[in-house]
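Here's a quick walk through one protein model, written for someone who would rather look than calculate. Have the structure open as you read.

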Amino acid sequence: MPTYNATSSLILNDATFDLDYLQGSVSGSIGYETVALGPYQITNQTLALANQTEGLGLVDNGNSGILGLSFPPASTIPRSVGTTLLSNLFAYLPTAERFFAFALGRNRTSSSLSIGRIDSAYAKSVDELAY
């Protein structure tokens with residue numbers, strides 16, 4: 001799996017972050033980078049750049065990072081520092097399509113991430129979902 005390599009558009013901030021999980025922790029600096037996810041491109045997306053991880057086993061299992069999908073009230077990065085990825089992605093979509101869904105499988109072909117639409121492998125319309 002490719003790892004992140006800083007580009008010329010990366011801007012580092014003096015702010016730092018610390019996250020504690022049930023097992024492990026992450027800490028690092030905050031930066032702004034251009035992010036492309038499917039058809040969406042966001043310039044100056046706020047990112048938490050992990051400089052240190054403990055107890056998560058990220059290096060040993062082929063992962064190159066963590067993609068945070070929190071809503072603004074749950075974000076580790078304060079609103080005064082930047083906007084969450086979900087907020088920026090949802091800005092592209094009409095209100096009725098501001099949702100995401102994911103399915104975690106055992107391999108790449110059995111997993112799915114959908115933004116603003118339903119993966120037809122799981123449901124034909126939003127009406128079929130319970131939330």
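Let's start at the surface: Leu67, Phe102, Leu104 and Leu113 make a nonpolar patch of about 450 Å². To get into a patch, a residue needs over 30% relative accessible area and no salt bridge, with nonpolar side chains (Val, Leu, Ile, Met, Phe, Trp, Tyr) joined within 5 Å and like charges within 9 Å. A salt bridge here is a side-chain nitrogen of Lys or Arg within 4 Å of a carboxyl oxygen of Asp or Glu, and areas come from the Shrake-Rupley method with a 1.4 Å probe, with only the protein chains shown counting as cover for residues. One of the patch members, Phe102, sits in strand S4 (residues 100–103).

A word on ground rules: this is a predicted model, where local features need pLDDT of at least 70 and side-chain atom pairs count only at pLDDT 80 or more, while totals for chains, interfaces and linings use all residues. Residues are numbered from 1 along each chain as its sequence is written, and side-chain values use heavy atoms, leaving out hydrogens and water.

Now for the sheet. It is open and built from 3 strands in the order S1-S2-S3, with antiparallel pairing. S1 (11–20) and S3 (40–54) stand at the edges with a single partner strand each, so one side of each has no neighbour in the sheet. On average, neighbouring strands are turned by 40° against each other, direction ignored; the axes behind such angles are lines fitted to C-alpha atoms, and angles between N-to-C directions run from 0 to 180 degrees. Strands are DSSP runs (E, at least two residues), as are helices (H or I, at least four), numbered from the N terminus, and two strands pair if DSSP finds at least two bridges between them.

| Strand pair | Bridges | Sense |
|---|---|---|
| S1 and S2 (residues 25–37) | 7 bridges | antiparallel |
| S2 and S3 | 12 bridges | antiparallel |

Phe17 stands opposite Gly28 in S2, and Ser25 has Glu54 in S3 as its bridge partner. The hairpin of S2 and S3 has 2 residues between the strands, and Gly38 there takes a positive phi near 60°.

Buried or exposed: where do two threonines fall? Thr84, in the loop between S3 and helix H1 (85–90), counts as buried at 11% relative accessibility. Thr34, in S2, counts as partly exposed at 32%. Buried means under 20%, exposed over 50%, and partly exposed in between (1.4 Å probe, protein chains only).
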